[in-house]
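The exercises below are meant to be worked through with the sequence and the model open side by side. Try each task before reading its solution.

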Amino acid sequence: MFAARVLEALNRGFQSTPWPLAATVLARRSAVAKKAIQAWRLLQELPGYVLLRRVYKLNQAKRVDLLTLFDSPYIRIERLRYFEDLTGILCARNLYINSFRAAAGRHSQPIAVELGPFDGLISTCPLHLRTCGNGPFVQTIHDLIPLEYVQTTDHAGAFSRRLESCLATGRLFVSSSTQRKFKATFGEASGTGEAVLIQPPSLQLPEPHQWSLADQNLLRPSPRLKGERGNLQAFRYVLFNSSVEPRKNLLFVIRAYRRSGLAEQGIRLCVTGQLKQDDYSRSVAEQADESVLLTGYIDEPTKALLFLNALMVLSPSLVEGFGIPVLDAACLGAGVIASPSESHREIQAMHDFQSLVWLCDTRDPLDWAIAMQRLAAEESTRIGLSSGSGSGERQRRLRRYRHQQDQVFEAFRGAVCQQVMAELARSKREEPGAHG
């Protein structure tokens with residue numbers, strides 16, 4: 001039962017209430033019930049703020065051994081396909097959130113984690129943690145955006161303290177840009193190691209035996225919209241794939257797209273980000289006419305098909321830690337127009353991406369409009385849609401992506417293993433009685 005509840009929470013993306021169906025129905029029908037449920041959840045969390053747990057022993061954490069779940073329905077759910085790379089899950093209740101709570105306290109010490117039988121610990125984002133003993137602890141640092149840009153949801157002080165905790169650990173940076181910014185802000189860390197790794201591209205493209213099913217010229221990524229409004233023709237749209245927030249600069253792209261004249265040529269702008277209940281998203285909805293397709297949330301297979309069939313990809317972000325959409329498009333061999341951030345420059349310098357990634361100033365939408373016109377003309381000519389070579393272009397992109405993905409993944413795996421082994425060797429040298 002415990003395993004089922006853990007896997008259900010991972011599948012849904014959040015932990016359900018003790019009465020999930022009743023709570024959902026009541027919250028929809030009654031504003032008073034909705035507020036009561038929110039208050040109940042707050043009371044449930046209140047002891048965690050008052051009595052913050054300071055030490056976690058991983059050998060006492062609850063375990064879910066995936067290898068023993070021979071016929072679990074969750075093993076066959078598409079969203080949980082990453083389970084095939086795991087042997088088990090360790091559940092340390094509220095470790096993640098307590099790390100954030102500890103960081104919110106100005107003078108609060110990091111949460112201690114006793115590794116027990118485990119060789120080490122790797123975080124996927126900066127956490128206000130420390131390990132007891134000499135096992136290696138490696139933290140992953142994606143960006144310093146909450147310190148650079150006010151319009152984010154992260155608390156800047158707490159985020160800064162989480163980054164400071166990384167000074168005592170090994171560090172994996174997702175870009176050289178992030179590494180330079182970290183050192184400029186927090187200085188050099190003595191006695192610990194670090195490495196820059198390039199993340200593998202993220203698209204879940206069809207396997208070779210499935211390529212024929214991906215060979216379609218009409219895409220319907222938005223079932224909410226009927227008829228032509230919800231349809232896209234292959235290689236007759238430009239793609240913006242990102243969250244909808246000010247730093248992603250979607251309003252700028254819409255203005256540039258309007259001035260480019262692509263809409264008059266029948267080339268649409270496809271936006272896959274989910275609109276929020278805020279002023280920025282409302283402005284996006286107001287600015288988007290029928291030539292702009294707002295798909296809302298899409299699943300991973302749909303995202304992959306949209307990249308596969310896009311005429312070009314747009315990434316006008318004001319600041320990025322790395323820029324996965326740019327990497328995804330370049331690995332496919334699709335044209336990209338991106339902002340001239342340091343991380344985008346790093347991607348442009350990789351492999352043969354120089355001719356694919358166009359860096360364009362985001363201070364003037366006219367520059368982007370001109371770049372869209374030029375790239376659309378070049379890509380349309382190269383793909384040669386008038387001669388019916390859309391299928392050939394998809395095949396080319398699929399083959400290229402598999403080759404590029406293998407290259408990037410091998411380098412990624414090597415960087416992670418090298419850093420972990422270096423931290424393991426360092427921790428061994430620091431053990432009592434060890435000789436240099």
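**Exercise 1: Cysteines**

Cys 166 counts as buried, with a relative accessibility of 0%, where buried means under 20% relative accessible area, exposed over 50% and partly exposed in between (1.4 Å probe, protein chains only). The model is a predicted one, in which local features need pLDDT of at least 70 and side-chain atom pairs count only at pLDDT 80 or more, while totals for chains, interfaces and linings use all residues. Residues are numbered from 1 along each chain as its sequence is written, and side-chain values use heavy atoms, with hydrogens and water left out.

*Task.* Find the closest cysteine sulfur to that of Cys 166 and decide why the two form no bond.

*Solution.* Begin with the criterion, by which a disulfide is a pair of cysteine sulfur atoms within 2.5 Å. Next, locate the closest cysteine sulfur, which belongs to Cys 125 and lies 9.0 Å from the sulfur of Cys 166, too far for a bond. Finally, apply the rule throughout, and the count of disulfides comes to zero.

**Exercise 2: The six-stranded sheet**

*Task.* Work out the strand order of the six-stranded open sheet, and name its edge strands.

*Solution.* Helices (H or I, at least four residues) and strands (E, at least two) are DSSP runs numbered from the N terminus, and two strands pair if DSSP finds at least two bridges between them. Followed from one side to the other, the order is β14-β13-β12-β15-β16-β17, with parallel pairing. The edges are β14 (292-294) and β17 (357-359), each of which pairs on one side only. Between neighbouring strands the turn is 25° on average, direction ignored; such angles run from 0 to 180 degrees between N-to-C directions, the axes being lines fitted to C-alpha atoms, for helices over the stretch in contact.

For a closer look at one pairing, take β13 (residues 268-271), which is joined to the parallel strand β14 by three bridges; here Leu 269 has Val 292 of β14 as its bridge partner.

**Exercise 3: Helices on the sheet**

*Task.* Determine which strands helix α8 lies across, and how many of its residues are buried.

*Solution.* First trace α8 (residues 250-260), which lies across β12 (237-240), β13, β14 and β15 (312-315) and runs at about 170° to β13; contact here means heavy atoms within 4.5 Å. Then count the covered positions: eight of the 11 residues of α8 are buried, among them Leu 250, Phe 252, Ile 254 and Tyr 257. The buried residues pack not only against these four strands but also against α9 (279-287) and α13 (365-383). Just after the helix, Gly 261 takes a positive phi of about 80°.

**Exercise 4: The nonpolar cores**

*Task.* Identify the residues that touch the most other members of the largest nonpolar core, and the element that gives this core its largest share.

*Solution.* A nonpolar core is a set of buried Ala, Val, Leu, Ile, Met, Phe, Trp, Tyr and Cys residues joined through side-chain atoms within 4.5 Å. The largest has 69 residues, of which Leu 269, Leu 314, Ile 337, Phe 353, Trp 368 and Met 372 touch the most other members. Its largest share, seven residues, comes from α8. Trp 368 shows how the parts meet, since its contacts more than four places away in sequence include Phe 252, Val 253 and Ala 256 as well as Leu 314, Ile 337 and Cys 360. Apart from this core lies another, of 12 residues, including Tyr 56, Ala 102, Val 113 and Cys 125.

**Exercise 5: Positive phi values**

*Task.* Compare Phe 235 with His 351: which is buried and which partly exposed?

*Solution.* As background, most residues other than glycine have a negative phi. Phe 235 nevertheless has a positive phi of about 60°; it sits in the loop between β11 (232-233) and β12 and is buried, with a relative accessible area of 0%. His 351 also has a positive phi, near 45°, and is placed in the loop between α12 (342-348) and β17, but its relative accessible area of 46% makes it partly exposed.
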